[in-house]
Amino acid sequence: MKPAPALAEGFPDLSGMRIAREPHWFRWLSAALIVLVLAAIVRAFAGGQIEWSYVGRFLTAKVIIEGIVNTMVMAVLAMALGIFLGIVVAVMRLSPNPVLKTVAAGYTWLFRGTPLILQLLLWFNLALVFPTIGIPGLWSARAVDVMTPFLAALLGLGINQGAYTSEVMRAGMLSVDIGQYEAAQAIGMGRLRALRRIVLPQAMRVVIPPLGNEFIGMVKATSLASVIQYPELLHNAENIYYANSRVIELLIVAGLWYLLVVSVLTPLQMLLERRFARGTLQFGR
Amino acid sequence: MTKPLVAIRSVTKNFGEFQALRNVSLDVWPGEVMCLIGASGSGKTTLLRCINQLAAIDAGGIWLDGELLGVREHGGRLHRLNERAIGRQRLKTGMVFQRFNLFPHKTALENVTEGPLQVQGRRSDEVRAEALELLRRVGLSAKAGSYPAQLSGGQQQRVAIARALAMKPMLMLFDEPTSALDPELVGEVLAVMKELAKSGMTMMVVTHELGFAREVADRVVYMDQGAIVEQGRASDVLGAPREERTKAFLSAVI
């Protein structure tokens, strides 16, 4: 075989040349069009039958602030209940015990299979089924006194959320390699301890993006509790416009608050994701 | 008269139609280093997993340190032990996996201390000192604070060995510990295992590293189709095999 020759001729030296920037005419054009359309929409609303001074005035009205506080309290508590139930049900679903498995599957089937607003109404009207509730011989009360709008909303939203969250959690647990369970067992851990110490922390990394999604959904789903008189944001906004007939203005007030809350939640989710990403090499870092 | 540390008697294990172990009987003596060789699917990994009860046997019995594993005799029948009792029995064995299976969300040091702290409930300062000593023993003192993803395969496997040793097992099980490693990293793991063998640890090693078997093993067991075909001193089984199947396997791998 011949020795390798020097580099062949006919390939010019490009080392001094820069890559040119393309003008991207179409991007500029489409962006300009979108700005125009947005400007037209804003102009239409500005000139429409909206008294913007009402929006400004009610944005920080006491009743509205109370409403958003109640909305957030309910969203956080119901989500906490949902996550708790979701973890328990996902663990039951993945257990070798057929009784636990069936109960878990039945729960998910029932609460995913009926509309949330129907469940809220059922909880709120539980007194029609059981006039008194309690533990026989120990304690009893009238159901109408116990089942306040707050409790009915918490149970309705939380238990419904649990059915969805259990599937998110189950997906997260299934995403953890089986070798992790085996390694945990090999150092003597039982199933529950292995889940708590080894599997769930790794599953959390996977489930936080969908859980963030679910929580944002929950913030808005609390507005359904307005039908059972829970004084959350939309319910309070409605009460105001029943009195002063400024319907659109108050709906805009409520909409702005929902947007603000969701905008704040997104960076919070990023912080959580980073917390649970310990020890992993990530895309985009 | 010493007793075997592990006594395996007429063990059978099926996965559906597939017979992974057929009537296997074997003794492992205290301080012995045993290498299990054979083609994939021959049952050697399954045998280790049965000893560590990651798989439950279908028939026969395995005794570890004189204690019957996984079941209890009562009224002429065998009853499966509950999870807690099985977990207690597992503490006598340490397992090293082919794919390391380190906990990725914990540092090297936390991987080693997890078992002693969480399962054995021991004091943290004492556990930490022991874990640092184990990491030193496997040559990874400088990596105590590193996460598994920051370590090479060889380093991860050495942490995994330290993690298993932290439980102070009587028996170490190695399931193809170097098969998932780049060739240049195999030596560092084998060196740790040699040192461990020299220290008197009883070891069962499923391996394709015949050089390691020749050098370190007190006994080599050749398995095929779920049964033990031939066993004996490493120099005999690897140097002058009696069985045709052993000869065929050895000529295929060397």
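About 30 Å³ of space lies in the second largest cavity of this predicted model. Four residues border that space: A:P201, A:F276, A:R278 and B:H105 line the second largest cavity. By class, this lining holds two nonpolar residues, one polar residue and one charged residue.

A search of the whole structure returns two cavities of 30 Å³ or more. The largest cavity encloses about 40 Å³ of space. Chain A contributes A:A183, A:A186 and A:I187 to the lining of the largest cavity, and chain B contributes B:M95, B:F97, B:R163 and B:A164. Two elements each give two or more residues to this lining: α9 (178-186) of chain A and α5 (153-165) of chain B. Six residues of the lining are nonpolar, none is polar and one is charged.

The contact between the chains was examined next. Chain A brings 22 residues to the contact, and chain B brings 24 residues. The size of an interface is often given as the accessible area lost when the parts come together. Here, chain A and chain B bury about 2,100 Å² between them. Carbon and sulfur atoms account for 55% of that buried area. In chain A, the residues that lose the most area to chain B are A:A186, A:I187 and A:R197. Together these residues make up 28% of what the chain A side buries. Two of them, A:A186 and A:I187, also belong to the lining of the largest cavity.

Side chains of opposite charge can pair when their charged atoms come close. Two salt bridges are counted between chain A and chain B. In one salt bridge, the side chain of A:R197 meets that of B:E114, at 2.7 Å from N to O. A:R197 is also among the residues of chain A that lose the most area to chain B. Polar contacts were counted as well. Seven residue pairs are in polar contact across the interface of chain A and chain B, with both residues at pLDDT 80 or more. On the side of chain A that touches chain B, α9 and α10 (191-221) are the elements that give two or more residues. That side of chain A has eight nonpolar, seven polar and seven charged residues.

The largest pocket holds about 890 Å³ of space. Its lining counts 29 residues, and the closest to the pocket centre are A:Q185, A:M189, A:G190, A:R191 and B:E83. Several helices take part. In chain A, α8 (149-174), α9 and α10 each supply at least two residues of the lining of the largest pocket, as does α2 (83-90) of chain B. Helix α2 of chain B gives the most, with six residues. The lining of the largest pocket divides into 15 nonpolar, five polar and nine charged residues. Helix α9 of chain A thus recurs: this element gives residues to the lining of the largest cavity, to the side of chain A that touches chain B and to the lining of the largest pocket.

Over all chains, the structure holds 24 salt bridges. One of these pairs B:D27 with B:R9, and their closest N and O atoms are 2.9 Å apart. B:D27 sits in strand β2 (residues 18-28) of chain B and B:R9 in strand β1 (residues 6-15) of chain B, so the salt bridge ties together parts that are 18 residues apart in sequence.

How values were computed. Residues numbered from 1 in each chain as written. Chains lettered and ligands numbered in written order. Predicted model: local features only at pLDDT ≥ 70, side-chain atom pairs only at ≥ 80, totals over all residues. Heavy atoms only, no water. 1 Å grid on protein atoms, 1.4 Å probe; cavity = no way out; pocket = protein on both sides within 12 Å on 5 of 7 lines; lining within 4 Å. Points joined across faces, edges and corners; volume = space filled by probe spheres on them. Helix = DSSP H or I, 4+ residues; strand = E, 2+ residues; numbered from the N terminus. Nonpolar A, V, L, I, M, F, W, Y, C, P; charged D, E, K, R; others polar. Contact = heavy atoms within 4.5 Å. Buried area = accessible area lost by both parts, 1.4 Å probe. Salt bridge = Lys/Arg side-chain N within 4 Å of Asp/Glu carboxyl O. Polar contact = N/O pair within 3.5 Å; in protein donor to acceptor, adjacent residues only side chain to side chain.
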